[in-house]
There are 2 protein chains.
Amino acid sequence: MSQPQPWELQARKAKDILENSIPKQWLLPEDKFPPAEEKSVIDFPRKSGLLTERELGITELSATALVAEMGAGELSAEEVVVAFLKRSVLGHQLFNFATEFMADKAIARAKELDEYYQRTGKLVGPLHGVPISVKEHVGIKGLTCNAGFVAWADQVATEDALLLQCLEKAGAVFHVRTNQPQSLMHLDCSNNLTGTTLNPHNRTLSPGGSSGGEGASTGFKCAPLGVGSDIGGSIRAPAAFSGSYGLKTTALRNPMTGIKAAGPGQESIRGVIGPLASQSIEDLELFQQVIIDQEPWDVETSLAPVPWKRATPTRDITVGIMWDDGTVRPHPPIIRALKYAKEKLMAAGIKIVDWEPYKHDHGWEIVSAMYFADGTEAQQTVLKQSGEPYLPLTKWAFQYSSGTPLTVSENWALNYARDHYRDEYHALMKSRGVDFILAPTYLGVAAVLGEPQYWNYTAIWNILDQPAVVFPSGLVVDEELDKAEEGYQPRNAADEREWKKYRPERYVGAPIGLQLVGKRFKDEEVLAAAKVVEEVLGAEASKDIN
Amino acid sequence: MSQPQPWELQARKAKDILENSIPKQWLLPEDKFPPAEEKSVIDFPRKSGLLTERELGITELSATALVAEMGAGELSAEEVVVAFLKRSVLGHQLFNFATEFMADKAIARAKELDEYYQRTGKLVGPLHGVPISVKEHVGIKGLTCNAGFVAWADQVATEDALLLQCLEKAGAVFHVRTNQPQSLMHLDCSNNLTGTTLNPHNRTLSPGGSSGGEGASTGFKCAPLGVGSDIGGSIRAPAAFSGSYGLKTTALRNPMTGIKAAGPGQESIRGVIGPLASQSIEDLELFQQVIIDQEPWDVETSLAPVPWKRATPTRDITVGIMWDDGTVRPHPPIIRALKYAKEKLMAAGIKIVDWEPYKHDHGWEIVSAMYFADGTEAQQTVLKQSGEPYLPLTKWAFQYSSGTPLTVSENWALNYARDHYRDEYHALMKSRGVDFILAPTYLGVAAVLGEPQYWNYTAIWNILDQPAVVFPSGLVVDEELDKAEEGYQPRNAADEREWKKYRPERYVGAPIGLQLVGKRFKDEEVLAAAKVVEEVLGAEASKDIN
């Protein structure tokens, strides 16, 4: 028997943290598990018998509804967090989405909240008692923070991320930390620390990434709200793949202090931190309101001091539908969902036009060069520290870099091109009279594990820095309706690669998410518009669809 | 006789543009000039006999007052611009501040405005008929834009800078373009194109830089408002040296589209464009209000969409006085002005504390490395294109660079350090209860020509990205009161160099400006507070001081 490699010993630390943190009293015995060949486990909470009816009911409520119930004294924070903890433990056994449970602390915190409520008759804040799952690289004081790198398995955060401080002040309870891919740069969710997270709708599929643990968490209702981050699609792909909701805000709105990633100070393409939600767009709004109302720019001064407006949903909007980005043609389920949306929206009297994408290939050239302007040095330095093996999708992402660092001058030229492209795109939306763009989130539904390779249905809105909301269309893949397009002539190698992946039977059970994109800094408006679109689509989430 | 060098032929183009543009009818014959040894020409407009009493009166009005008079039908836009043009031509003959006059266009525009007013009884906008001088590197459609480089002497701007578009929409009239130093990176104002601009208060002194032409323009009342730019002090040094007003805004407020400089896309340290004013802080506010009320972020999407608030001046503020930055001790006149301010402010019941500077040397290390992160490649490429000689202060600035480009990774580390430093500084202001910092603008009053070498009384607020207003203290250098400090033991080489420069007789006539600094994005508040401070100091500008 061979000795474990040093990196394996180091990775073991993260596994130990996870295993030691699991509340053993709620573990389901292995013989009660669904068979491995049962792809979808989305129904399993009820089948498992682990949760009471009341607990099942609690976990199917939105954050907004939970707060209302707690405010009315109908629910206690303690029973709420216990219900979500039980569902989380179950979920973790089924699809490996957690990196660490914080059960004792969460329950203690919930008891404090209950005590406060009993004493004062008031809620602590607008998130009183709401359990929130948190992507692992968002630092929590005293806990390790590895950001998907084995080398960092024992690095401890010295304070809570500023965003978590804001959430906590509003009453949130953090009960579980969630998985992310090696280097954070996959639209998938696999690392050498705690392994691979699966999609609860179909365990042969990816939950998306890099906030894949959050996709699975909110998709399975382990939490009504989750904290993810997004520099190329890392909130949105998980939300779409997992049948939940997600918001990528405009940059410089939510505070980034205390978030760990390789290459701090890189700001040509800014990552954002933001919410995923299991139940509603309203909950994404609630999350944002809580953060921005606390004026985080008074601590993190680089933020834009833009208050959170209360935007009223209206049907007096023009929505452009982007059918295709011109590079990789979306798979049949996505096109079906867009057609469905178009019909429904037109029938509801909303003005619909086709949105011709504008130089998305150019946008991709800029953003892909920016991801690793240092020639991947920041990431590779950390990978080499431990000697952990490079995962295939890490290698895949690294090839976006030319392999050698850009010069500062080259980086400046890209910044300039980026700003010009943003201004052009914005001017085009104005001149075409388009308020919002309804678009695919990804070329297809949830990718097969290991297969998400094409980023530009999401990354384009990062380089453009436009806010984007992902929500379930209410449709799921249908083997009859979503047959593969035969005799298609691919436009290029990427198009061919993605087209070849598609056979409907590979994607059974996958929800179809859509993405609504707004203008820069119109985060409030795009959420309000997404509510309208979702309402018109008649889909209150994929929650009834298995 | 030797042949002119190719660069001299190229530079000649800029000289020709200037010379051909001067309205010859208003030139003062050389025999009417004050003698060369007469240092101050600040009184000369009245003495010259060139301007009528009415014209002299017009040029002594603020922009706010001018608009009010035009709104009341008391003044025409045409007579206003003619008065300022005459004063500008005179000023140019005395201290060489213009790069191009736009007399015909300005007069034609003024006539249009008058015609509009006569037809409608209304003003075009809040800057109706206000003549504004414009630093040369702020592009004007169809005119050359050289940014202080001989190589660019024949580069033509294809559109007006966005900021100028906003000003023009509000009714502004652009009548003269103004001088700047080679490479734009001096706190002085000399180049190989149109030469050296002098300080109207003392022609052996610098008008400041890089917006030195604007300092001279507003200091001599060639325009009530001017457009300058500032990445290390380039609005504030000219305002202070020339006895006028200046505002360096927080970055990302005023639009930068259409401004020419070497190294576009450099954004680690952002330059800003903003106003200088000859008469009042109120005019700086007017300028800002006009720009921001037009929501320039709807065109230049990288701006922060932060509306312009109307801030009310209040004495309920705490002002920290920064006596010294800890590296280079200010000259006696500056210390005297700060003491004077402290007494007056305390007597007025304003809370005053001492402000201990926080790691300004660290701030300088960051910002000086950022100015030329490419190892000066951007500037040197343009300099070498023409072969023009490097001016001494260009070489001086270039030594801030290590001479070799930073790597992208090094640049990221600096960005990170910068943000951390900003957050620390902001937290310190909050914890000390300080709303505003009253500080020197420069270690001394206007430097002797060629001598401004120490940047960090202004550059520190660029790296911190805090807004700063410069205004005249009402005091001028006094040979009796401002004697050199004898037996001073310099702290370091820079301190020694600057201390040795000081003998009061070198600075006769120089006004003493001060700088009030606010918190990030509190541009409105710092302007309101500066009004209070100026009012308390009882100084309505240096306009009565010669």
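**Aromatic pairs and a two-fold axis**

Hi everyone, let's begin with the rings: over all chains, this structure holds 40 aromatic pairs. Please keep in mind that we are looking at a predicted model.

Here is one pair to find on your screen. A:Trp364 and A:Tyr400 meet edge-to-face, with 4.9 Å from centre to centre and 90° between the planes. Where do these two residues lie in chain A? A:Trp364 belongs to helix H12, residues 360-371, while A:Tyr400 is in the loop between helix H14 (392-398) and helix H15 (408-431), so the pair ties together parts that are 36 residues apart in sequence. Are they buried or exposed? Both A:Trp364 and A:Tyr400 are buried.

Now for another pair, A:Tyr421 and A:Tyr425. Their ring centres are 5.8 Å apart and the planes stand at 85°; an angle over 60 degrees counts as edge-to-face, so this pair is edge-to-face. Both residues lie in helix H15 of chain A, four residues apart, which is about one turn of the helix. As for burial, under 20% relative accessible area counts as buried. A:Tyr421 has 1% relative accessibility, so it is buried, and A:Tyr425, at 0%, is buried too.

Let's go back to A:Trp364 and A:Tyr400 for a moment. They are part of one aromatic cluster, together with A:Tyr371, A:Phe372, A:Tyr390, A:Phe398 and A:Trp455.

Rings can also have a charge over them, and chain B gives us examples. The charged end of B:Arg87 sits over the ring of B:Phe220, 5.5 Å from the ring centre. B:Lys260 lies over the face of B:Trp152, and here the distance to the ring centre is 4.2 Å.

So much for single residues; how do the chains relate? Two copies of a chain are related by a rotation about an axis and a shift along it. Here, a turn of 180° and a shift of 0.0 Å along the axis lay chain A on chain B with an RMSD of 0.0 Å. That is the relation of a two-fold axis. The same surface serves both copies, as 100% of the contact residues of chain A recur in chain B.

Finally, a word on confidence. The model scores ipTM 0.96 and pTM 0.97. Chain A has a mean pLDDT of 97, and 98% of its residues reach 70 or more. Which stretch of chain A has pLDDT below 50? That is residues 539-546, a stretch with 21 contacts in the model beyond near neighbours in sequence. Where pLDDT is low, the predicted coordinates should not be read in detail.

Thanks for listening!

Key: Residues are numbered from 1 along each chain as its sequence is written. Chains are lettered from A and ligands numbered from 1 in the order in which they are written. This is a predicted model: local features need pLDDT of at least 70, side-chain atom pairs count only at pLDDT 80 or more; totals for chains, interfaces and linings use all residues. Side-chain values use heavy atoms; hydrogens and water are left out. Rings of Phe, Tyr and Trp (its six-membered ring) pair if their centres lie within 6.5 Å; planes under 30 degrees apart count as stacked, over 60 as edge-to-face and the rest as tilted. Buried means under 20% relative accessible area, exposed over 50%, partly exposed in between (1.4 Å probe, protein chains only). A charge sits over a ring if NZ of Lys or CZ of Arg is within 6 Å of the ring centre and within 35 degrees of the ring normal. Copies are superposed by least squares on the C-alpha atoms of residues with pLDDT of at least 70 in both. Contact means heavy atoms within 4.5 Å. pLDDT is the predictor's confidence in each residue, from 0 to 100.
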